[in-house]
Amino acid sequence: MGSGRLYAAVAAGGFRRYATYKAATVAGVFTNTVFGLILVYTYLALWEERPHLGGYDQAQAVTYVWLGQCLYATLAIQGGGAEKDLMERIRTGEIAVDLYRPADLQLWWLAGDVGRALFQMLGRGVVPFAFGAVFFPMALPTSVTPWAAFVVTLLLATVVSFAIRYLAALSVFWLMDGMGVNQVLMITGVFFSGMVLPLNAFPGVFGDIVRVLPWAAQIQMPADVLMGETDPLRAFVFQAAWAVALLAAGRLLQSAATRRVVVQGG
Amino acid sequence: MGERSVLLEGLRAYRLIAGMWVRSSMTYRTSFVVTVFGNLMVTGLDFVGILLMFSQVDSLGGWTLPEIAFLYGLSVTAFGIADLVLGSMDVLGARMRDGSFDILLVRPAPVLAQVGADRFALRRLGRITQGAVVLAWALASVDVDWSAPKALLVPVMVVSGAAIFSAVFVAGAAFQIFAQDAAEVQNAFTYGGTTLLQYPPTVFGKDLVRGVTFMLPLAFVNWVPAAYVLGRPYPIELPPWTAFASPLVAVACCALAGVAWRVGLRSYRSTGS
């Protein structure tokens, strides 16, 4: 089997695994729609008070909310993707089996996570987004080009999101327990991805800082590309640079970890 | 057994199980302290979000920051208490899938007490602490002409609110018996509910406010009584006495949730594995 086909099979496995939980998917759609509704009303009140906050008009703010709900599970913003299983395998020592596979550890987990992300987007993300588009005025492009650019940013966002969580998971080689790391992932993910407020609307120097952190690649960049608020090329470069840097850091940490790997359990 | 002794039995079982979990979490003290702190941070993010919004505006839906902090503190503290007492309810679906729910049914203790105390986590004190701190700040900085009824209403809101949220947890658990894989629906009402109540009712559409007042009466956790305390008109017409109706609403919610729980338990079919 060619290595491309191997990783495609791993990705398909990730997709199918999440597709099994049908009721959970429906429940997730419901939850994201409810949270979307709450956020939309607060944002409308906020933009009522401060029109053009962060350079967005009201329709753009609404679009941002529903895009966030669409990508919340897709990009595992608060964690809960492949890194959860990876942490468990490191903790129990089952990681030793993975290291013996004739496949690249990082690519293997990336493929599985991409499959998961694709399912979460189709199964869980699209419906709340469509709900928002039907019941609220949104700022969506009518030509093909921005949508095509948007798909590219989504792909890059998925890789950046994975790369961050992969780094976090590898830390379990040293920490032995993922609880604290998971909390950090959750806090940083929710806050710096702009789930609380678009990063554009963060004030002052603090705003300047959060907009160059890797989390900005996850919701802010796809949103700005979709709504034509940024040059797509600039967004691609920003996302790809973070993806490469974080994946490389993951490789370094991975080889350091496997050199000192102590298999737990017996 | 009479109703009273069932209740006492339940409380005793709850205390024993919860005590066991507390002792177990205290085995690793550092880990415990870290998770309490982490919990405090996670829940505090919502308020940081509100602070960020107020770095850009002076009011939201016509309400000032101390007024919204008042709503926030009430909602989070009440929810935090319910979450501490019954927060493990959302693992019910998983327990039914792996068959361990059956074990609870044959044990000689009320099932609700066993499920509620399951994995009792003192780290959830983090949320209560965070809510209480914001509430204290709000009480100190909000511009209110305090009277005895208004002052008395604050603790009444926290207790009734905790009871209303507890009822939502129990009703959600009953729902999970029917829809075994749908714990997230419960999250929409519990976490969604507390998030909704952190913002003033004027922010939301009238239909949503009506729904949260009359259908799923979360508005009585804080919106309705807090509007009275702050001297703000409630966005929909309500008779003045409703400002003091929270305890009644709480009792009614708990009774309904209790009925739902019994119906759920009676209709439970084991997975058989």
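1. Start with helix α6 of chain A, which runs over residues 105-135: A:D113 and A:R116 both sit in it, three residues apart, or about one turn of the helix. The two form a salt bridge, with the closest N and O atoms 2.8 Å apart. Bear in mind as you read on that this is a predicted model.

2. Are those two partners buried or exposed? A:D113 counts as buried because its relative accessibility is 1%, and A:R116 counts as buried too, at 3%. So this is a charged pair to look for inside the protein when you turn the model around, since both values fall under the 20% limit for a buried residue.

3. A:D113 has another partner as well. Its side chain meets that of A:R165 in a salt bridge, at 2.6 Å from N to O. A:R165 belongs to helix α7 of chain A (residues 144-170) while A:D113 belongs to α6, so this pair ties together parts that lie 52 residues apart in sequence. Here again, A:R165 and A:D113 are both buried.

4. Put those pairs together and you get a network: A:E83, A:D113, A:R116 and A:R165 are joined by salt bridges that share partners. If you want to put that in context, the search over all chains of the structure turns up 15 salt bridges.

5. Another one to click on is A:D98, in helix α5 of chain A (residues 95-100). It makes a salt bridge with A:R101, where the closest N and O atoms are 3.0 Å apart; the side chains of A:D98 and A:R101 are also listed as joined by a polar contact of 3.0 Å. The two ends of this pair sit in different surroundings, because A:D98 is buried at 4% relative accessible area whereas A:R101 is partly exposed at 29%.

6. What else does A:D98 touch, once its neighbours within four places in sequence are set aside? The contacts are A:R89, A:L105 and A:W109.

7. Now for the interface. On the chain B side, 34 residues are in contact with 31 residues of chain A. About 2,800 Å² is buried between the two chains, and carbon and sulfur atoms give 76% of that area. Three residues stand out: B:L45, B:L52 and B:Q56 supply 22% of the area that chain B buries against chain A, more than any other three residues.

8. How many salt bridges are counted between chain B and chain A? The count is one. A:R124 and B:E184 have side chains that meet in a salt bridge, at 2.9 Å from N to O. As for polar contacts across this interface, the rule finds five residue pairs, with both residues at pLDDT 80 or more.

9. Which elements of chain B give two or more residues to the side that touches chain A? They are α2 (29-54) and α9 (183-196). The largest share, eleven residues, comes from α2(B). By type, the residues on this side of chain B divide into 19 nonpolar, twelve polar and three charged.

10. On to the packing. The largest nonpolar core holds 146 residues, and the members that touch the most others are A:Y43, B:L60, B:F70, B:W223, B:Y234 and B:W261. Take B:L60 as a worked case: leaving aside neighbours within four places in sequence, its contacts include A:T42, A:A45, A:L46 and A:E49 from chain A, and among those from chain B are B:M53, B:F54, B:I68 and B:Y199. There is also a second, separate core of twelve residues, including B:V22, B:F32, B:A113 and B:F120.

11. Finally, two backbone oddities to check by eye. A:H52 has a positive phi of about 65 degrees although it is not a glycine. This residue lies in the loop between α2 (22-49) and α3 (58-74) of chain A, and it is classed as exposed because its relative accessible area is 56%. The other case is B:R119, also a residue other than glycine, with a positive phi near 55 degrees. B:R119 lies in the loop between α6 (111-117) and α7 (125-141) of chain B.

Notes
Residues are numbered from 1 along each chain as its sequence is written. Chains are lettered from A and ligands numbered from 1 in the order in which they are written. This is a predicted model: local features need pLDDT of at least 70, side-chain atom pairs count only at pLDDT 80 or more; totals for chains, interfaces and linings use all residues. Side-chain values use heavy atoms; hydrogens and water are left out. A nonpolar core is a set of buried Ala, Val, Leu, Ile, Met, Phe, Trp, Tyr and Cys residues joined through side-chain atoms within 4.5 Å. Buried means under 20% relative accessible area, exposed over 50%, partly exposed in between (1.4 Å probe, protein chains only). Contact means heavy atoms within 4.5 Å. Helices (H or I, at least four residues) and strands (E, at least two) are DSSP runs, numbered from the N terminus. Buried area is the accessible area (1.4 Å probe) that two parts lose on being put together, summed over both. A salt bridge is a side-chain nitrogen of Lys or Arg within 4 Å of a carboxyl oxygen of Asp or Glu. A polar contact is a pair of N or O atoms within 3.5 Å; within protein, one must be able to donate a hydrogen and the other to accept it, and residues adjacent in sequence count only if both atoms are side-chain atoms. Ala, Val, Leu, Ile, Met, Phe, Trp, Tyr, Cys and Pro count as nonpolar, Asp, Glu, Lys and Arg as charged, and the others, Gly among them, as polar.
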